[in-house]
Amino acid sequence: MEKKKYERPIIKQLVTGVPGKFGRPEKPNIMTHIDGVSVKSLLNEYGSPLFVMSEKKMREKYQTAKQAFTTRYPKVQMAWSYKTNYLDAVCSIYHQEGSWAEVVSGFEYDKAIELGVEGSKIIFNGPTKSEADLIKAITNESLIHIDNIDELYLILKITEKINIRPKVAIRVNMDTGIYPMWDRFGFNYENGMAWEALNKIMHSGKLDLIGLHTHIGTFMLAPNAYKIAAQKLSDLALGLKKKFSHNIKYIDMGGGFASTNSLKGIYMPGVDTSPSIDDFAEAITSALLSAHYSTEELPVLILETGRALIDEAGYLLGTVLANKRLISGQRATIADIGVNILFTSFWYDHKISVAQEMTDFTEPTALFGPLCMNIDVIRENVELPLLNIGDNFVVHYAGAYNMTQWMQFITMRPKVVLIDEQGRTHIIRENESLETIKQLEKVPEYLSKFEL
Amino acid sequence: MVKKIKSVFPNFLESVLHSYSLIFFGKNNFLASVLLLVTFLDFYTGIAGLLATIITSFTAYLIGLNSKKIISGYYGFNSLLVGLGLGIQFQPSLELYIILAFAALLTLLLTVSIEGFFQKYGIPYLTFPFLFAIWIITLATRQYEALNISERGIYILNDLQNWGGSFSVIIYKWLNTLPLSESLVIYFKSLGAIFFQYNILAGIIIAIALLIYSRISFLLSLIGFFSAYFFYDFIGANIDELNYNYIGFNYILTAIAMGGFLIIPSRYSFLWVVLLTPLISLFISGSAIILDIVQLPVYSLAFNIVVVMFLYALNWRIRFNRKPAITSMQLFKPELNLYYQNNSSERFYHNKYLSIRVPVLGEWTVSQSYNGEYTHKEEWQHALDLIITDNAGNQFTSSGENKEDYYCYNKPVVAPAAGTVVKIVDKIEDNLIGNVNIENNWGNTIIIKHLDGLYSKLSHLRKNSSKVKTGDYVIKGDILAYCGNSGRSAYPHLHFQMQSTPYIASKTIFYPIANFISAKGKKYSFLSYAIPKKDEKISDIVFNENLKSAFQFVPGQMFDVNITKSNGKKFQLSWEVQADIYNNIYFYCKDTKSKAFFINNDNIHYFTHFSGDKNSMLFYFYIALFKVPLGYYKEMNIVDCLPLSILKNRPQKILQDFVAPFFTFLHAKYSLKFVRKSDDFSKSRIEIKSNVSLKRIKKTYRTIDFDIKIINNSIEKLKIKEGNKIVTATIKLK
């Protein structure tokens, strides 16, 4: 007989009788395998902590999203939002599915080009585009989404130097009835800035105005806001048609669709509160289809959704380093996952599962990371089973933004492993080592020696 | 002189020539020239025929009749026959030519009148005008004393001596010594008799010309004649009648008209040629006795009557019986008609079906097709049930206990074709999953009237989801309502059927979907006029704006085509998009006088027909872009068949021509693939590869590859590769 696992004793109120308003007390989440690959074996092979991406989940999410739109609207194009996760392997999966690239900096732009994305299939967004970036993008016939009037002037200046007509769209911000209103990006719809920019572009005669873009917010829980945004963009598009007889080729509704992650401060878990991709699709397409475009001139609908396609496909695996009790009496568990690699723990109450069989007993626990910093808290309070040192656990919904916003701080960034559709594992990013960090450093000669 | 005539009447020569070849239902300069020559075997007859033709064509032109018809020779060929008939009857004299001129005018007027009468019935006027004209004139001239009956044609040797010296007499004598069977001699004489040349030489020349011009026509002339010959033999009729009166040509002309020209050549048309023979015989013998009273020959009366009656009867058919099929597009050569018909019946059903699309957006899965296992049975067997499935094949997400879990629920349903909404049911509750509403089994339904007797019905729609009202006119693709779960529907799905009556419970009719994309993973195939099968994932073709504008050819557009051959030779051609009065649109190559006809509908570009030089660049352009869907689908292989008329006259093609009504052993296969696409929004670049492979039985004996580049919304480059030979054409809009 196998030796039973030791679990520390706890004292807990016994709940009997009828279930409460939240049903029966939840059993702890146990996840021993990801896409058929055991968590333990992954950690043994690649070390802890470890990011794991599921290719199956990514493709599945992409196809569901695409289908939600294409069965409602005839012309749909997805563009992978690089900032959400720009690991080459991840981007390649979306490009294989047919996604274009949506980038917001010269660095991301170069990364997309390096990966083999054709210039004309890159959408260049964001407020930071240098003159050199713009020249490159114009030469490559990329789609430039102008963020502000100074950028417009800069592009017009560039057209005097190079003999290629830039393909541009403007980013529009607007009141869609939600708070906060992202008025810092693009030109405002209500105060006429958007029209001012459109007039300037049309009258300049030097730019190909081919699209309109908006991105109304992030982790949006109100599909109706998209409906309003699509209506307002359509107003602009049809206005351009009326005023300049100019057809807009595409409407880019940006991204910001919520994943099923649980935002901090929201009472119910994300799986129950987040609208589905179908809700967003219905809101956007119904607005476009009822906007009185002629059938032949229906614009292409571009979507830059990132998070909703990848959040659920990413897992962060970790190991318990120590347990302690805080003076409040709350249990605390210290793990090897810090906020430096799980940046999104500032926004979300990440779902956590344990990676080995355990009893049903749980205890409210604070889950801390390994950093010598007070802010290094993964979950302030989570019902966890009684974990021992060396036990493993899985942080869910970690696919979006972490592998782009993580930082090398105190500890180094771990490996990222991809599980392909056949269940094989591939390292898609190596862990950092002392070498990696030192590589970039330079020590002036006079500091090269010291004695203590 | 010719120049001067040309300045007044530009297509004068063509119109005269076509009058000659039209006697054999052709528009062919070679055949015409030979026939013209044959009429001059008797010089004065030839002169009379030519004169009558010219006078008629000119008069028709001066009056201002339809110049297309004049050029085609429609008004000339009856006059030609009248001219020939008078020419052989009378001695040449000024009086004769004056009478001839008025005879030509009379024939023209008769032609127009008879055409007007027959047109209503959709049948051709054949040589009726000739018959009326020649009879009237023959009767009338009995009163004209200035005309002398000719003795030519009776003393043939004298005539030949006068015409071609002793050499022609020798040839004639030699021909007579040929060991030709009696039947063959009559056959040749009958052929000659069509042009009032009662001699074997004329017949032999005509037969050879006919063989070179069209194998099927030649074959039919033999079949027509010999079935008559054997019939006479069998019935014990006087074979001399066939010989003496030279009326054998009635059988020949009927055979060509019925066997291959007015009817598409096939084993059925050939059978009818044989079956119609006794009828002609009856008419000839019967009418001869009546006409004998006034001493008039029957000429081609029997041919005219039998053809017109038979054609009229075929027009009355109410069954969709295509055997034998009436020629819908006349290309003036049985082979061309046959190859075109074979090809277009494979490619298009335009005559038969209205083009209807998949009535949804995006990719849907057929959960029940025609003759389905659940409810598509008996009177309701021709229907489609559509759902949406994910990659794993599931039709719902989460538990599937709520209708909202189903992918297809609440998705837009669009009009399959333009029409008027005639019926809407919109107030029936959606069922809970697993329940059915037997009482209102069709649930919420929209019925659209597309044509008289053609309706589409879309059922099980979501309650209150209708976006249209009764009486609304919708166009193809307009959103009608949303998919629901009402009526006899346990799970959300869309029921789609075509019917011939406007009622909810109407029975279904077989009706293929005009064009759709069928997907297997990321492999797409393009289907035309097909019924989607169960579990097939289907979607409407989503057009690509760049492809669409690249294939938007407007009459009046001119193109400069610069050609570079592999040996470095360069030259320039000029193409123009033109439209004829029947709204056929085609590319016209001025240098080679070639035409490539095309149509562009339902987001597909098709070339339909080519005439002219088969070595020209336009010809290669025609086969390279034979069929192009105007939506970009990377993993899709588009296939089609080219008509065999694209082949040149090599021995195997000639053999194929002979057996074509029964059997095809040569095939020309076409395929096309999209290779690359970049820059969708302004300076598009699309690369297409297409290929034509010629097959003998199943073995490929020749392949030609094409690379097509579309840049900036227009076709810019065509590269033709065959073996090591590469020819490039750069096409530029002027």
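**Exercise 1. Locate A:P180 and describe the peptide bond that precedes it.**

A:P180 sits in the loop of chain A that runs between β8 (167-173) and β9 (187-188), where strands (E, at least two residues) are DSSP runs numbered from the N terminus. The bond joining A:Y179 and A:P180 is a cis peptide bond, with omega of about -5 degrees.

This is a predicted model, in which local features need pLDDT of at least 70, side-chain atom pairs count only at pLDDT 80 or more, and totals for chains, interfaces and linings use all residues. Residues are numbered from 1 along each chain as its sequence is written, while chains are lettered from A and ligands numbered from 1 in the order in which they are written.

**Exercise 2. Establish whether A:D35 is buried or exposed, and describe its backbone.**

Begin with the position: A:D35 belongs to the loop between β1 (33-34) and β2 (37-38) of chain A. Its phi is positive, about 45 degrees, although A:D35 is not a glycine. Then count neighbours: because 19 other C-beta atoms lie within 10 Å, A:D35 is partly exposed (buried means 20 or more other C-beta atoms within 10 Å, exposed 12 or fewer, partly exposed in between, with C-beta atoms placed from the backbone).

**Exercise 3. Place B:Y588 in chain B and list its contacts beyond four places in sequence.**

B:Y588 lies in strand β15, residues 585-589 of chain B. Leaving aside neighbours within four places in sequence, B:Y588 is in contact with B:W575, B:E576, B:Q578 and B:K595, a contact being a pair of residues whose C-beta atoms, placed from the backbone, lie within 7 Å. With 18 C-beta neighbours inside 10 Å, B:Y588 counts as partly exposed.

Methods: Helices (H or I, at least four residues) and strands (E, at least two) are DSSP runs, numbered from the N terminus. Two residues are in contact if their C-beta atoms, placed from the backbone, lie within 7 Å.
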